[in-house]
Amino acid sequence: MNLSSIREDFPILQRTIYKKYPLVYLDNGATTQKPRQVVEAMSEEYYNVNANVHRGVHFLSQQATEMHEQSRETVRRFINARSTNEIIFTRGTTESINLVASCFGDAMMQEGDEVIVSEMEHHSNIVSWQLVAARKGIRLRVIPITDDGRLCMDAYEQLFTEHTKLVSVAHVSNVLGTINPVGDIIRIAHDHGVPVLIDGAQSTPHMAIDVQQLDCDFFAFSGHKIYGPTGIGVLYGKEEWLDRLPPYMGGGEMIQSVSFEHTTYNELPFKFEAGTPDYVATTGLARALDYVSAIGMDRIEAHERDLTRYAMERMMEIEGMHIFGPMDDHDAVISFQVGNIHHLDLGTLLDRLGIAIRTGHHCAEPLMHRLGIQGTARASFALYNTREEIDALVSAIERVRRMF
Ligand code: C6P
């Protein structure tokens, strides 16, 4: 992997922070930076193609529609879905999970039914279900975690009852970096006749995803975390499930015919895509997926795993360092505390040295309660990060530690 030529594709990485420090961007779990290829493709579409899709007989509309549907095919190929009917464009992981919670909850769940989530979920995979719970009287069952941040798989198996209707878990924790054994999770759920939704927000940018091999029933991810634009994401769903679910929102595009007496819905995937889609963002997402595919997801994974291992080793040299989550098999996100320095102070002072990390509860308050903390500092890596940037992080943390 030629890191210096990759870094040239991301102009923001050349920035200087506070007129002094080269930017060290380690907040990729929140959002990644965008390569020129993505931004330029989007500008090009706005300048030269722009027209609403699926609606016009004119040249531009046809061209924009073709590009939009080609992007759907790019996503299909990227996650190896069977058909583009299984690729729903959403605004991101949050909307994808809400879509399933709302539609699956309405059509498939009754009072007393249960959905299994885990203690390490992001709020979007908790609150979406709580909204259904408030409407329909369903219950959340929670897979506990071990002290080193892994799912208790024995406890998971014990959670299934005749009322279990769905399992919904993160592939990778955005706090702990744990890579959950989703293959086992899905197999066990299917043995109980229960479908599974995988929140792939933090896995899709870091490893090859094959939804057919996983055999998950639903899979959600966000474009902006994989070098694509904001405001676009994907819900993959097996066609047999999507066919059985009612639409999410009403409006243009999702209908076949409308009258005041009777409305019929469009076929997949359009049934779930009411209103004008962000067809320029879908182009941006497709170019982002082309970008990582050209490098190779396996190479990206190997590079980031190497960086993560190096970072953990170097960070553990710092006095008072505590890293959360498993010490091996850790994805490209490291949550940590240093002595009793407040995470916000740590993040603010690292920022003054040009280093961008995230601090706080990371939208995972129940996990914070489980860990008995209010928040952490978190460094998260992307394909363009280097060992030199890890060294800069470590010496900056050292500097902050000495100040306290
Ligand atoms: N986590 C983080 O800094 P959206 O906001 O819809 O693109 O993604 C939501 C989401 C869902 N699941 C997981 C596991 C996530 O990590 C996220 C987003 C960001 O950790 C922002 S809170």
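## Around the ligand

A polar side-chain atom of aspartate 199 sits 2.6 Å from a nitrogen atom of the ligand. This is a predicted model, so treat every distance here as a value computed from predicted coordinates. Arginine 378 also reaches the ligand through its side chain, with a polar atom 2.7 Å from a ligand oxygen. Threonine 93 joins in from the backbone: one of its polar backbone atoms is 3.5 Å from an oxygen atom of the ligand. Taken on its own, the ligand has 510 Å² of accessible area, and the protein covers 88% of that.

What about the wider surroundings? There are 16 residues around the ligand, and the ones that come nearest are Thr94, Asp199, Ser222, His224 and Arg358. If you look at the pockets of this model, the space that the ligand takes up is the largest pocket.

## The cis bond at proline 269

Now for some backbone oddities. Most peptide bonds are trans. The one running from leucine 268 to proline 269 is cis, with omega near 0°. Proline 269 belongs to the loop between β12 (263-265) and α10, and leucine 268 is in the loop between β12 and α10 as well.

Is leucine 268 buried or exposed? Its relative accessible area is 8%, so leucine 268 counts as buried. Leaving out residues up to four places away in sequence, leucine 268 touches Asn85, Glu239, Leu242 and Asp243. There's also a long-range link to point at: leucine 268 and threonine 84 are 184 residues apart along the chain, yet their C-alpha atoms are separated by 8.6 Å.

## Two residues with positive phi

Most residues other than glycine have a negative phi. Tyrosine 227 goes the other way, with a positive phi of about 70° although it is not a glycine. You'll find tyrosine 227 in the loop between β9 (218-222) and β10 (233-237). With a relative accessible area of 0%, tyrosine 227 is buried.

Histidine 362 is another non-glycine residue with a positive phi, this time near 55°. Look for histidine 362 in the loop between β16 (358-360) and α13 (365-371). Its relative accessibility is 0%, so histidine 362 counts as buried.

## Buried residues in loops

Serine 203 is part of the loop between β8 (196-199) and α8 (211-214). Despite its loop address, serine 203 is buried, at 0% relative accessibility. Which residues does serine 203 touch, not counting those up to four places away in sequence? They are His171, Val172, Ile209 and Phe219. Serine 203 can also be placed relative to isoleucine 226: the two are 23 residues apart in sequence and 9.6 Å apart in space, C-alpha to C-alpha.

Leucine 151 is in the loop between β6 (139-143) and α6 (153-158). A relative accessible area of 7% makes leucine 151 buried. Setting aside neighbours within four places in sequence, leucine 151 is in contact with Ser118, Met120, Ile143, Pro144, Ile145, Asn180 and Ile185. For isoleucine 185, the separation from leucine 151 is 34 residues in sequence and 9.9 Å in space, C-alpha to C-alpha.

## Buried residues in helices

Which helix holds threonine 282? That would be α10, which covers residues 279-295. Threonine 282 has a relative accessible area of 1%, so it is buried. Beyond residues up to four places away in sequence, threonine 282 touches His68, Ser71, Phe89 and Ile232.

Histidine 303 is in helix α11, residues 297-315. Its relative accessibility is 15%, and the cut-off for buried is under 20%, so histidine 303 counts as buried. Among residues that are not within four places in sequence, histidine 303 touches Met1, Leu3, Ala382, Leu383 and Asn385.

Technical notes: Residues numbered from 1 in each chain as written. Predicted model: local features only at pLDDT ≥ 70, side-chain atom pairs only at ≥ 80, totals over all residues. Heavy atoms only, no water. Helix = DSSP H or I, 4+ residues; strand = E, 2+ residues; numbered from the N terminus. Buried < 20%, exposed > 50% of the residue type's maximum accessible area, 1.4 Å probe, protein only. Contact = heavy atoms within 4.5 Å. Near = heavy atom within 4 Å. Polar contact = N/O pair within 3.5 Å; in protein donor to acceptor, adjacent residues only side chain to side chain. Areas by Shrake-Rupley, 256 points an atom, 1.4 Å probe, with all protein chains shown as cover. 1 Å grid on protein atoms, 1.4 Å probe; cavity = no way out; pocket = protein on both sides within 12 Å on 5 of 7 lines; lining within 4 Å. Sits in = over half its atoms within 2 Å of the grid points.
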